[in-house]
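This report takes up a ligand site, a pair of strand arrangements and an internal cavity. Please look over the sequence and structure first.

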Amino acid sequence: MKKTKPGYSLFSNFAWSVRMLMRYSRTALLLSALFIPVRIGLKYLEIYLPSLAVSEVTKGQPLCHALPRVGLVMLAILAGSVVLKALGYIRSSALGIYRYKMADLVTGKRLSLFYQTYEQKEVRDLAGRAETVTQMWDGVLPLTDMVEGAFGVAENLLGYLLFGTVISFASPWLVPILTAAPIVNLLSVRAYNKWEYAHRKQMTDLDQRLWYVAGLPDDFSAAKDIRIYSMASWLRACYRDLSGQQARWDKALVKRNFFTRTADLAVILLRDGGAYALLIHMFYKGQISVDEFVLYFAAIASFASWVDGILSCWNKANTMSLKLCDFRAFVDYPEEWAGRGSARAEDHRDAPPEITLRNVCFRYEGAREDTIHNLSLQIKRGEKLALVGPTGAGKTTLVKLLCGLYRPTSGEILFNGVPLSDFNREEYYQLVAPVFQEIQTAFFSLAETVSGKSLADTDLERARQCMCRAGLGEKLDGLPDGIYTKLNKKVHRDGTELSGGEAQKLMLARALYKDAPLLILDEPTAALDPIAESRIYTQFNEMTENKTALFISHRLASTAFCDRIILLEKGQIAQEGTHRELIRAGGKYKELFEMQSCWYQENPKGGEKL
Ligand code: ATP
């Protein structure tokens, strides 16, 4: 198996975490540092208290001498505990806010990463792992536990030095005995971490598939197919198989963890047993008094906890550091089209653009051959171009290339003569308004869905006009809350659900609202009834006024109103011309057109019209 080296070292991750805390939650950082002296002081007072009480009693001190001293130490312990608790509450709420700010970084990256990059499975898996770092599982929050671990090492190291000094007064042998043994623990935990890190990709892969299958019952669109196509038993078998694999991973994890813990426990037993035996021996030999025995006995227990603390915090920092590597790797994931170009969207907004494709090839990652082959095409200013072709010819891929969601594998695309790579990516997106085949509406109001902004930032009148132009006027009039109606019944009790055709119209309204100079409609009428479809065609010229437009459709008759038709086949232009020219020329277009239109004609055998 290929070994994967963590992308960032422990120290780099610590420095990064501190920087992030400085930027997003100074309070949490300050309190974490403040914890150190308070906790060490408290621990010392706790071991000092029984020894002080024994010393007062064995030295026969009167009650008025003993009580104030013991009482004062008790009061200090109480005050320290209260301060510690209060600091703990403040810190955990500060860390909560910090966690959301960091989760926001992941969400931001997920929402803005170059689409072609984000489509890659390993990037999506990395995003999933980065997200889990910001979540709390079993009280563990990897994002902040890295810093906690590092501060813990510092705290335990200070405690170790202080208590080590106390213990060395009893016997200098005690310090090395108590220190050396836990090395076994360090090594076994490191082996466990290495194993888990090396297998994390397989675990993520399995996790994703399991979540997908487990989430299907909750998915309305899948629920219908599952029932009608009797897929339940197949899906359950899938679920059983995947959960079986998951259980085997869990078992392997638990087994490794168990051996790590057992080795740790055996070492603790030997270490503490040896130290206590030495202390008892010294007491019987009269080398230490009762109160010293009590002090050293408690100090050994505490000292052991400092040593354990150093190791467990070190291990914790290491474990969390590995998880943090995924978080940082995703948040810092290199942008493929960072677009530092000088071209500005505002220089191209007001007039219909000219689009040029020069020898464009595109191949999907892992595919054996190109989906778009050496395609050259010029779309004139204000031209209404139809793109037709058989299923899988590469029409949607071409749309994604034009939208700047993919980059050509070779060749280039120019917008008004400017290569797309000269634009800042976000700037370029302002220039295109596509309506894609797959429709996705979230749970926002109709107005927000159309504008892609919050209600406050939406031009409500314009949103309403765009909805009417897209054929949703009547629907709007029928909704009690009109443009404020919220989508998605799962989320809103008074929400609404749109039919496939209505959702398609809504997406068209969104493209109209954006008012970009390049309008791209990928099968915009596939889910519409004939009346709505014909209305879109008649309004097409008005919708695309002062724009260059690309119209994709499988219904060849519907492309007749375009200036030019391109027939795409296997990623190449097979034919081009107007509808009339293509019919006259014969060939593939005519063949497809006749095949389709024969179903709308009189049956030659005297049957009925279909
Ligand atoms: P349709 O008319 O069915 O919408 P299309 O002409 O729009 O088809 P595309 O969606 O561009 O065709 O797909 C062209 C080819 O690219 C198909 O063979 C498809 O399997 C492949 N393809 C599409 N999307 C991806 C992807 N994300 N990853 C890998 N291959 C893809």
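## Ligand site

This is a predicted model. The ligand has 14 residues around it. Gly392, Lys395, Thr396, Thr397 and His554 come nearest. By class, the shell comprises eight polar, four nonpolar and two charged residues.

Which atoms make polar contacts with the ligand's oxygen atoms? Thr396 uses its side chain: a polar atom there lies 2.7 Å from an oxygen atom of the ligand. Gly392 uses its backbone, with an N or O atom 2.9 Å from a ligand oxygen. Ala393 also uses its backbone, where a polar atom is 3.1 Å from an oxygen atom of the ligand. On its own, the ligand has 630 Å² of accessible area, and the protein covers 61% of that.

## Four-stranded sheet

One open sheet has four strands in the order S2-S1-S4-S5. Its pairing is antiparallel. Strand S2 (372-379) and strand S5 (418-419) stand at the edges. Each has a single partner strand, so one side of each lacks a neighbour in the sheet.

At the S5 edge, S4 (residues 410-415) is the partner. Two bridges join S4 and S5, which run antiparallel. Phe415 is positioned opposite Val418 of S5.

## The S9-S10 hairpin

Strand S9 covers residues 564-569, and strand S10 covers residues 572-577. They pair in the antiparallel sense over five bridges. Among the bridge partners are Leu568 and, in S10, Ile573.

How many residues lie between the strands of this hairpin? There are two residues between S9 and S10. Lys570 in this hairpin takes a positive phi, near 45 degrees.

## Internal cavity

Rolling a probe the size of a water molecule over the atoms shows where empty space is left. The structure holds one cavity of 30 Å³ or more. The largest cavity contains about 40 Å³ of space.

Which residues line the largest cavity? The lining consists of Leu21, Ala28, Leu29, Ser32, Leu95, Thr144, Val147 and Glu148. Helix H2 (26-58) and helix H6 (142-170) are the elements that give two or more residues to this lining. The lining has five nonpolar residues, two polar residues and one charged residue.

Key. Residues numbered from 1 in each chain as written. Predicted model: local features only at pLDDT ≥ 70, side-chain atom pairs only at ≥ 80, totals over all residues. Heavy atoms only, no water. 1 Å grid on protein atoms, 1.4 Å probe; cavity = no way out; pocket = protein on both sides within 12 Å on 5 of 7 lines; lining within 4 Å. Points joined across faces, edges and corners; volume = space filled by probe spheres on them. Nonpolar A, V, L, I, M, F, W, Y, C, P; charged D, E, K, R; others polar. Near = heavy atom within 4 Å. Polar contact = N/O pair within 3.5 Å; in protein donor to acceptor, adjacent residues only side chain to side chain. Areas by Shrake-Rupley, 256 points an atom, 1.4 Å probe, with all protein chains shown as cover. Pairing = 2+ DSSP bridges.
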